[in-house]
Amino acid sequence: MPEYEPQSIEAKWQKVWDEQGAFRAVTDPARPKYYVLEMLPYPSGTLHMGHMRNYTIGDAVARFKRMQGFNVLHPIGWDSFGLPAENAAIQRGTAPRDWTNANIEELKRACRRFGFSYDWDREISTCEPEYYRWNQWFFLRMFERGLAYRKKSKVNWCPKCQTVLANEQVVEGGCWRHEDTPVEAREIEQWFLKTTAYSDELLDDIAQLEGGWPERVLLMQRNWIGKSRGAKVKFAVDGLAGAGIEVFTTRIDTIYGATAVIVAPEHPLLAQLLAGAEQGTVAQLNRLRQQSVREADLATAEKEGVFTGRYAVNLFNGEKLPIWAANFVLLGYGTGAVMCVPAHDQRDFEFCRKYDLPVRVVVQNPESSLVAEEMGEAYTDYGRSVNSGPYSNLSSGDAIEKMIADAVARGFGEARIIFRLKDWGISRQRYWGTPIPFVHCASCGVVPVPDDQLPVLLPMNVQLTGMGESPLARVPEFVNTTCPKCGKRARRETDTMDTFMDSSWYFYRYADPRNDKAPFDPAVVNYWFPIDQYIGGIVHAILHLMYSRFFCKVMRDLGLVTHDEPVKRLFCQGTVLKGGTAMSKSKGNVVAAMEMAEKVGCDAARLYTLFSAPPEKDMEWSEKDVEGCSRFLHRVFRLLEKHAGGLRSARAAGATLDLAAASEKEKALLRKAHQTLKRVTHDLEIRWHFNSSIALLMELVNEIHAAEPLERDARPEVIKEVFQMLALMLAPYTPHLSEELWEMLGNAGGLGKVRWPAYSEDLAREEQHEVVIQVNGRVRGRMFVESGLGEEELVARAIADPKAAPFVNGKRIVKRIVVPDKLVNIVVAG
């Protein structure tokens, strides 16, 4: 009997697919479309199995949807600009383009080896002029609409390298090249995109994504936009007539608990506040200004401050409060100043404990009385106002309402809404990115490059040292140009664009990748969009998705698209772990994809990736389990090879089978096949529990084996029907083997035009059991389920039960007790 040789089978069918153009997508309004996409990969080197999980999930969905009759668009490309290529050039003396393109070839080789069903005709690479030309075009359109502008902004500066550092190049406050050199904060002129112009839309349109995006991603998006309703309140400055410090607060009810006013180290009023101050105070402030504290690190960063020697006046009660400057207050958020209320804000609490500033309780906890001297942390909830003059004894909500009204009436406050979302700084003082299409002219100022001069090409063979000014500034043939407005000598902009510009709209280019007249044809995009299913890691839940949503709204306002949101459904896969940590080249714990393909075949590697855990969960890599999946595929091959000779000429039973005339063995085999098909269809279409589907297919194979000899009491047409159903159900997971099995059974032409089979409701009907649902030991519901349902599925259904769900939602599940077919007890905390 021939052995299963995955490598030769996989090569055979990949050749067939290429010859057939099996995955080529064609715009066809007569057919229902399905656009499935994995997030744009960065070509940093060879692919490992941590990467492959994402692509394997997407490919399973793409293949299933094709079999359902959808016109599927499943493209691939490369996020090929970026800092790693520049660093590689510095460290290895390799040109960024050469390093990038060599890596792309490696990634393509691995993707092709795994047989992913990409439409390679639509491949894009963002470092190519035919792509980044349109980055420049979009930037100019935004400039025309007032959405692109320049302003001074802080950057990380290494005084030894004399250059700007990316956030990831700052290691524990020092430069990545020489950590003994502290990184400073400097202000330079930079380009920004006005994402804040769409703050309300970005927040409100999250409602369109509910039910299609993971709730935790929507929460992260909401929090990042950060709409806050509160008040802007003015504090007078003692001794400076007419001067004032404005703060924004959502908790004006705590203002009587303010024991200081704290401003950002760059606050414009500091020049007046420090006039005549001691040299030591000015030196301390300058040191604070040089520190680089990212907003993401504010909660954990060591809080440092400087007392200015001046006092602010709380206009509610006339109390004088010391004015400090501190590193945890940012000029770009709110007003660049805060009232320091240590009893009711944790950062203020930590700051005041460090600098021995008083702590005063002004909101009392209704459950246990707060004593300032005994507090170990701030009390931040609502309660009842105390020590707050005429507002004492009011609830927090009532106090907020009344105090805002009084501040407005007395002329030192107003109700205000602010957003945490900031404008997007896109300037990068690097080489390997999209050139910004502007010139600097002594006569005309900053002038946009005309559309007919795009793209502004990135020069090749630039010397990269990582030191000094932007690399492009040292290339005279790039820098020196003429002003498009007056024709005089001018200098090109030498900053390049943030690479998020590349990845914020790339999925639109896939729809029309060779268009040289426009970014894309709106009619073509209107057919394919929105994306039906987007797949990628939770790490991209904020910036990439936020910028993509912003780009979509700008495109809509430019008349290029008609939808508000680019992605209908989003799925965030879990991480692949090895040794308890995420696979990473830097940790040395990767399993190379090509190594797996050569060892067990890519179908076995794909199957294991989908079988080892639900796709949204992290999975621990196990060589033993990979081998188990390989053995299963060998077993399937041997099973069909054993019977295929007698089945090639048989006609599969299909819907014409007369069940009344079927033997008990035939009924049992068909019943199991259709029950499996029903569940697998449901798992692929709705739940994405691929692991459960694969377990069911393994059960089906076990039952077929248990029915041997199949020829006894089972007709060839029934056996062929069951085997064909098995081959088709395996197709999204192990496409090469499925094609081979299909051919072994006497079918010609491959699976390219074969539809996903339909199950018979009569044959798929399963024995039902009543399962009791308990939460913390108390009965909260009952449900009827099919016999033999797995633990994961039982728990998932129990949690979703409408009667039990209210007792589980929002709580942490600490334990699950499952008695198959009888009981699910969910133990929750919180």
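I took two strands as paired if DSSP finds at least two bridges between them. The model I examined is a predicted one.

**Entry 1: a four-stranded sheet**

I looked up strand β21, residues 438-441, and found four bridges joining it to β22, with the two strands running antiparallel. Within this pair, I noted that Val-439 stands opposite Val-447 of β22. I then followed the pairing outward and obtained an open sheet of four strands in the order β22-β21-β24-β23, paired in antiparallel fashion. I recorded β22 (445-448) and β23 (480-482) as the edge strands, since each pairs on one side only. From one strand to the next, I noted an average twist of 45°.

**Entry 2: Asn-71**

I placed Asn-71 in strand β2, which covers residues 71-73. I asked whether Asn-71 counts as buried or exposed. Its relative accessibility is 4%, and buried means under 20%, so I entered Asn-71 as buried. I next listed its contacts, leaving out residues up to four places away in sequence: Asn-71 touches Val-26, Asp-28, Arg-31, Pro-32, Lys-33, Tyr-34, Tyr-527 and Trp-528.

**Entry 3: domains**

I consulted the domain assignment of the chain, which gives four entries: domain 1 (7-21 + 30-139 + 501-594), domain 2 (230-418), domain 3 (627-764) and domain 4 (768-829). For domain 2 and domain 4, I noted that the C-alpha centres lie 48 Å apart.

**Entry 4: the second largest pocket**

I noted a volume of about 1,200 Å³ for the second largest pocket. Its lining comprises 32 residues, of which Pro-214, Phe-571, Glu-616, Arg-687 and His-689 are the closest to the centre. I then asked which elements each supply at least two residues of this lining. I found α2 (49-67), α7 (215-225), β27 (570-571), α20 (664-687), α25 (791-800) and β33 (812-819). The largest share comes from α25, with five residues.

**Entry 5: the cavity**

I searched for enclosed space and counted one cavity of 30 Å³ or more. For the largest cavity I recorded a volume of about 140 Å³. It is lined by 18 residues, and those closest to its centre are Glu-86, Thr-163, Arg-177, Arg-430 and Gly-466. I identified α3 (83-92) and β6 (163-165) as the elements that give two or more residues to this lining. Helix α3 gives the most, with four residues.

Key
Residues are numbered from 1 along each chain as its sequence is written. This is a predicted model: local features need pLDDT of at least 70, side-chain atom pairs count only at pLDDT 80 or more; totals for chains, interfaces and linings use all residues. Side-chain values use heavy atoms; hydrogens and water are left out. Buried means under 20% relative accessible area, exposed over 50%, partly exposed in between (1.4 Å probe, protein chains only). Contact means heavy atoms within 4.5 Å. Axes are lines fitted to C-alpha atoms, for helices over the stretch in contact, and angles run from 0 to 180 degrees between N-to-C directions. Domain bounds come from an automatic or database domain assignment. On a 1 Å grid over the protein atoms alone, a cavity is a set of points where a 1.4 Å probe fits but cannot get out, and a pocket is an open set with protein on both sides within 12 Å along at least five of seven lines; lining residues have an atom within 4 Å of a point. Grid points are joined across faces, edges and corners, and a volume is the space filled by probe spheres set on the points.
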